[in-house]
Amino acid sequence: MIKEEIVQIRLNPANRKYYASFGYTGEMGEFIDVLTTHLTKSSETMVTRVCDSCGEEKVMQRKSVFPSCQRCVVIAQNKATGKPKPTCKDCDKQLTNHNTIRCKPCHNAFIVGENNPNFGNGDKMKGENNPNFGKRGKDCE
Ligand SMILES: [Zn+2]
Ligand SMILES: [Zn+2]
């Protein structure tokens with residue numbers, strides 16, 4: 001928002017009617033006192049901008065005023081468009097590799113044991129599940 005202060009502007013044919021709508025009267029070419037909040041949006045008069053989000057004050061031309069400071073705009077944009085940063089499914093650590101759902105240590109821990117796609121294959125190939133089961137034994141006898 002714009003801090004309410006009194007500044008001087010010069011009336012010209014373009015802005016006279018605009019300022020008249022706020023009750024300011026004066027002759028063409030006359031300097032009048034107006035509130036910064038009443039300046040035209042394209043005014044180059046310096047005003048104090050107070051960030052709507054963090055309250056930071058900055059002096060700038062009225063035409064350059066954006067309700068929030070640059071930093072808050074960026075934060076707001078990130079909030080609006082940024083996907084939440086991926087975190088590890090198990091320990092909530094932030095992931096650097098976006099194609100995984102677990103951090104490396106958790107991933108390694110996860111694939112050990114029955115979650116390992118190869119888990120049990122070794123066992124299946126042993127004993128009676130092995131199509132060759134028994135053959136070797138016979139051959140060896
Ligand atoms: Zn701010
Ligand atoms: Zn983890």
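In the predicted model, strands S3 and S4 (residues 57-61) pair in the antiparallel sense over 5 bridges. One of the bridge partners across this pair is Glu-57 in S4, which is matched with Val-50. The two strands form a hairpin with 6 residues between them. Within the turn, Gly-55 has a positive phi of about 80 degrees. Strand S3, which spans residues 46-50, is mostly covered, and 4 of its 5 residues are buried.

The zinc ion (ligand 1) is bound by the SG atoms of Cys-51, Cys-54, Cys-69 and Cys-72, which lie 2.2 to 2.3 Å from the ion. The spacing of these donor residues in sequence is C-x2-C-x14-C-x2-C. The site is tetrahedral, with angles of 106 to 113 degrees among the 4 donor atoms. Cys-51 has a relative accessible area of 4% and is therefore buried, because the limit for a buried residue is under 20%. Cys-54, at 37% relative accessibility, counts as partly exposed.

For the zinc ion (ligand 2), the protein donors are the SG atoms of Cys-88, Cys-91, Cys-103 and Cys-106, at 2.2 to 2.3 Å from the ion. Here the donor residues follow the spacing C-x2-C-x11-C-x2-C. The angles among the 4 donor atoms run from 101 to 116 degrees, and the site is tetrahedral. Cys-88 is buried, with a relative accessible area of 1%. Cys-91 has a relative accessibility of 39% and so counts as partly exposed, because that class lies between the buried limit of 20% and the exposed limit of 50%.

Terms used: Residues are numbered from 1 along each chain as its sequence is written. Chains are lettered from A and ligands numbered from 1 in the order in which they are written. This is a predicted model: local features need pLDDT of at least 70, side-chain atom pairs count only at pLDDT 80 or more; totals for chains, interfaces and linings use all residues. Side-chain values use heavy atoms; hydrogens and water are left out. Donors are N, O and S atoms within 2.8 Å of the metal (3.2 Å for Na, K and Ca); water is not among the atoms, so sites may look incomplete. Four donors count as tetrahedral if all angles lie between 85 and 135 degrees; four count as square planar and six as octahedral if opposite donors are over 155 degrees apart and all others between 65 and 115; anything else is irregular. Buried means under 20% relative accessible area, exposed over 50%, partly exposed in between (1.4 Å probe, protein chains only). Two strands pair if DSSP finds at least two bridges between them.
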